[in-house]
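Student: I would like to learn how to read a structural model feature by feature. Could we take one and work through it?

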Amino acid sequence: MGREHHVEWIVDEDMTWASNTTPAASASSAVGEEGDRLVLRGRLSLAGDKAAFLEVGGSQVLFDLADPLPPDGADGTWVEVRVRRDSVSLWPYQV
């Protein structure tokens, strides 16, 4: 507490367009809870090979992509991803 910690985000749930991933109403990073879901809002970067990064507050969270894939033009847009809380882990890599 009271100091910065560096962690790696591990999300064991694929990004699925129009299912758990939707365009964001706000162009700002956020992490929150909605029921049993963790909501990550950030800028989407499509990496090819069915992978994507979500930039959330200066950090990148890696996701695998599942069908349906994001539409053309989604790269660089702001999105919200809702995943089960139990599918997310944080691992310290520098304490």
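Tutor: We can start with secondary structure; keep in mind that this is a predicted model. The chain has zero helices and nine strands.

Student: What is the order of the elements from the N terminus on?

Tutor: The order reads β-β-β-β-β-β-β-β-β.

Student: How do I read the radius of gyration of the chain?

Tutor: The idea is to set it against the value expected for a compact globule with that number of residues. For 95 residues that value is near 12 Å, and the chain has 13 Å, so the two agree. The C-alpha trace spans about 40 × 30 × 25 Å along its principal axes.

Student: What share of the contacts joins residues 24 or more positions apart?

Tutor: Counting contacts with a separation of 6 or more, 68% are between residues 24 or more positions apart.

Student: And what do burial and surface look like for the chain as a whole?

Tutor: Of the 95 residues, 32% are buried. The accessible surface is about 6,000 Å², and carbon and sulfur atoms account for 48% of that area.

Student: How many charged side chains of each sign are there?

Tutor: There are 8 positive and 16 negative side chains in the chain. The centres of these two sets are 5 Å apart.

Student: What is the general idea behind looking for a nonpolar core?

Tutor: In soluble globular proteins, nonpolar side chains tend to be buried together. In this chain, the largest nonpolar core has 17 residues. Met15, Leu44, Leu54, Phe63, Val81 and Val83 have the most contacts inside that core. Two or more core residues come from each of β5 (37-48), β6 (51-56), β7 (59-66) and β8 (78-84).

Student: Which residues does leucine 54 contact, leaving aside neighbours within four places in sequence?

Tutor: Its contacts are Leu40, Gly42, Arg43, Leu44, Ser59, Gln60, Val61, Phe63, Val79 and Val81. Among them, Leu44, Phe63 and Val81 also appear in the list of residues with the most contacts inside the core.

Student: Let us turn to the loops. Where is aspartate 49, and is it buried or exposed?

Tutor: Aspartate 49 sits in the loop between β5 and β6. It counts as exposed because its relative accessibility is 81%, and the cut-off for that class is over 50%. Its C-alpha atom is 8.8 Å from that of aspartate 64, which is 15 residues away along the chain.

Student: What should I read from the backbone angles in that loop?

Tutor: Check the sign of phi at residues other than glycine. Aspartate 49 has a positive phi of about 50 degrees although it is not a glycine. Lysine 50, in the loop between β5 and β6, is not a glycine either and has a positive phi of about 55 degrees. Lysine 50 counts as partly exposed, because its relative accessibility is 41%.

Student: Which peptide bond is cis?

Tutor: The one joining aspartate 67 and proline 68 is cis, with omega about -5 degrees. Proline 68 belongs to the loop between β7 and β8.

Student: What about glycine 57: where does it lie, and how accessible is it?

Tutor: Glycine 57 is in the loop between β6 and β7. With 61% relative accessibility, glycine 57 counts as exposed. Leucine 38 is 19 residues from glycine 57 in sequence, and their C-alpha atoms are 15 Å apart in space.

Key:
Residues are numbered from 1 along each chain as its sequence is written. This is a predicted model: local features need pLDDT of at least 70, side-chain atom pairs count only at pLDDT 80 or more; totals for chains, interfaces and linings use all residues. Side-chain values use heavy atoms; hydrogens and water are left out. Helices (H or I, at least four residues) and strands (E, at least two) are DSSP runs, numbered from the N terminus. The radius of gyration is taken over C-alpha atoms; the globule rule is 2.2 Å times the number of residues to the power 0.38. Buried means under 20% relative accessible area, exposed over 50%, partly exposed in between (1.4 Å probe, protein chains only). Contact means heavy atoms within 4.5 Å. Accessible areas come from the Shrake-Rupley method with a 1.4 Å probe; for residues, only the protein chains shown count as cover. Lys and Arg count as positive and Asp and Glu as negative; His and the chain ends are not counted. The place of a charge is taken as NZ of Lys, CZ of Arg, CG of Asp or CD of Glu. A nonpolar core is a set of buried Ala, Val, Leu, Ile, Met, Phe, Trp, Tyr and Cys residues joined through side-chain atoms within 4.5 Å.
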